[in-house]
Amino acid sequence: MRRTTPRQLGSACQVCASVPVRSSTTRPFLIPSTLVAPRISSSRAVNPSPLGTRLAHTSSAAPKVKKGTQDASLAPANPRVPGAKQLAAAVETNLEKFLSLKGLPGQHVTNAMLDVILRDATALHGLVRRETQQTMNAVSRLAKMGAERTGAKIPINSQLTEAVETVARASFTVVTHPNVEMTSEVLERYVQIQAQIGRPESLPYILELYASKPKPVVKNGELHFIKQRPNAAAKAIEIPVAEMALDTAIEAKHLDSALGIIQSAYCVPAFRRQKLIKHTTAPAMALAALPFGIFGTASAYASFWQNTMDITTATGIGVAGISGYFFVTGSMGLIAKLSNKDHMKRVTWTPGTPLRYRWLREEERAALDKVACAWGFKEEWRYGEEAGAEWEGLKEYMGYRQMLLDRVEFMQGMN
């Protein structure tokens, strides 16, 4: 292997300056006989983010910054923001082609359309993040702290704002179209899109629409809409999807959306029925088979392991003893499990709340606990010092839900 001579080595800036930069324009959405989602002309494809996490990919048009470099080393903001206008135009073109389809769009067509919007939203998220970071570097530290505290958005370029509005409007139009069937895949993709662009305002409505939107079907050449049962267990929203929607609202500092998401995802009968089916089916079957097991064990004991009593008396004593052991120890363990408070941070149950309600609504309490930790102080020794209309409204809302925020005897230094 030849070694490079010192004359062949140049500065890093000269090397990077000779590297061509590709544009991040998106190809228009095509609907052939077999749909294939378009690709972004970047060096690597953009994959949808996993549930519960926000994607932080940057578009290929934005230069990559090495880990450990300062934010101030970013290039100055371009007033035209290349790529945002092209992304918005591509989304509008794809939406027009999707709405021009006749009849019911297939499930693969709807998923492909949402995948295209998701890729555009991912690329747009990189542009917005870069523009916001450059703006944050330019403003004062006091203004930056105020924006982080109140959730106020830093003003960015108008083209980026219009592109974000276009993506949000297009995804909402696709999901709410009467001929589009609302499935779990469609809901998941929609939540991912809103998580990319940071717009949680429509999520509570879409979560409610998931359970109540009529299903379109074609019978004898005519279009019919079948009414759905919103309280059915199959209409419950999956926990990862609800958590991702809630994280989007928390990151955007939108309290109304956060409470609406909790109300639509965790406080509906469908979610409780699904939880009952998932978590109580196996224990109920085991509990139903327990008397037969107890009787069999007591009969074997009376027949083979004792010779001081008759079989009937020994069997009755064995049944009473084994049943007492199982039911007494089992009930004590169940009470200890349901009344555990070690995982609670700031939101606890009101004294007197039945244990069955605590178990059924644990996800709701955990979500409200996450909201309280996000809106309150981060330091534990400052818990309880929060003030303001939003905080008082949050405490009152939790009171209506049989919960207490910052219960005094559970706070640090108060026990």
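**Close-ups of a predicted helical model**

**View 1. Thr-183, in the loop between helix 5 and helix 6.** This is a predicted model, and we start with a loop residue. Thr-183 is buried, with a relative accessible area of 13%. Its side chain makes a polar contact of 3.1 Å with the side chain of Gln-107. Leaving aside residues up to four places away in sequence, Thr-183 touches Gln-107 and Tyr-210. Keep Tyr-210 in mind: Tyr-210 turns up again among the buried residues of helix 7.

**View 2. Helix 5 against helix 6, the two helices on either side of that loop.** The two axes come within 10 Å and cross at roughly 170°. That angle makes helix 5 roughly antiparallel to helix 6, and the crossing is left-handed. On the helix 5 side, the residues that meet helix 6 are Val-164, Val-167, Ala-168, Ser-171, Phe-172 and Val-175. Helix 6 answers with Val-186, Tyr-190, Ile-193, Gln-194 and Ile-197.

**View 3. Helix 5 again, now with helix 2 (residues 84–99) as its partner.** Here the axes come within 9 Å and cross at roughly 20°, so helix 2 and helix 5 run roughly parallel to each other. This crossing is left-handed. From helix 2, the contacting residues include Ala-84, Ala-88, Val-91, Leu-95 and Phe-98, along with Lys-85 and Glu-92. Among the helix 5 residues they meet are Leu-160, Ala-163, Val-167, Ala-170 and Val-174, and Gln-159 and Arg-169 also belong to this contact set. Val-167 is worth a second look: Val-167 is listed in the contact with helix 2 and also in the contact with helix 6.

**View 4. Leu-124 and the largest nonpolar core.** This core has 70 residues, and those with the most contacts inside it are Leu-124, Leu-187 and Val-371. Its largest share, 10 residues, comes from helix 3 (residues 107–138). What does Leu-124 touch, not counting residues up to four places away in sequence? Ala-84, Leu-87, Leu-160, Ala-163, Val-164 and Val-167. Among these, Ala-84, Leu-160, Ala-163 and Val-167 also take part in the contact between helix 2 and helix 5. For background, nonpolar side chains tend to be buried together in soluble globular proteins.

**View 5. Helix 7 (residues 203–212), mostly covered.** Of the 10 residues in helix 7, 7 are buried. Which ones are the buried residues? Leu-203, Pro-204, Ile-206, Leu-207, Leu-209, Tyr-210 and Ala-211. The cover over them includes helix 5 (158–176) and helix 6 (184–197), as well as helix 8 (239–251) and helix 9 (255–265).

**View 6. Helix 10 (residues 269–304) crossing helix 11.** The axes come within 8 Å and cross at roughly 140°. That puts helix 10 oblique to helix 11, in a right-handed crossing. Helix 10 brings residues including Leu-287, Leu-290, Ile-294, Phe-295, Ala-298 and Tyr-301 to the contact. The helix 11 residues they meet include Ile-311, Gly-318, Val-319, Ile-322, Phe-326 and Phe-327.

**View 7. Thr-313, a residue of helix 11 (residues 311–338).** Buried or partly exposed? With 36% relative accessibility, Thr-313 counts as partly exposed. Its side chain is joined to that of Asp-310 by a polar contact of 2.8 Å. Ala-302 sits 11 residues away along the chain, and its C-alpha atom is separated from that of Thr-313 by 8.2 Å. Ala-302 is also one of the helix 10 residues that meet helix 11.

**View 8. Arg-361, in the loop between helix 12 (355–360) and helix 13 (362–375).** Arg-361 counts as buried because its relative accessibility is 8%. A polar contact of 3.2 Å joins its side chain to that of Glu-364. Leaving out residues up to four places away in sequence, Arg-361 touches Arg-272, Trp-349, Arg-401, Gln-402 and Met-403.

**View 9. Stepping back to the protein chain, with its 14 helices and 4 strands.** Of its 415 residues, 38% count as buried. Take the contacts between residues at least 6 apart in sequence: 73% of them join residues at least 24 apart.

Conventions:
Residues are numbered from 1 along each chain as its sequence is written. This is a predicted model: local features need pLDDT of at least 70, side-chain atom pairs count only at pLDDT 80 or more; totals for chains, interfaces and linings use all residues. Side-chain values use heavy atoms; hydrogens and water are left out. A nonpolar core is a set of buried Ala, Val, Leu, Ile, Met, Phe, Trp, Tyr and Cys residues joined through side-chain atoms within 4.5 Å. Buried means under 20% relative accessible area, exposed over 50%, partly exposed in between (1.4 Å probe, protein chains only). Contact means heavy atoms within 4.5 Å. A polar contact is a pair of N or O atoms within 3.5 Å; within protein, one must be able to donate a hydrogen and the other to accept it, and residues adjacent in sequence count only if both atoms are side-chain atoms. Axes are lines fitted to C-alpha atoms, for helices over the stretch in contact, and angles run from 0 to 180 degrees between N-to-C directions. Angles under 35 degrees count as roughly parallel, over 145 as roughly antiparallel, 65 to 115 as roughly perpendicular and the rest as oblique. A crossing is left-handed if the near helix is turned anticlockwise from the far one by less than a right angle, and right-handed if clockwise.
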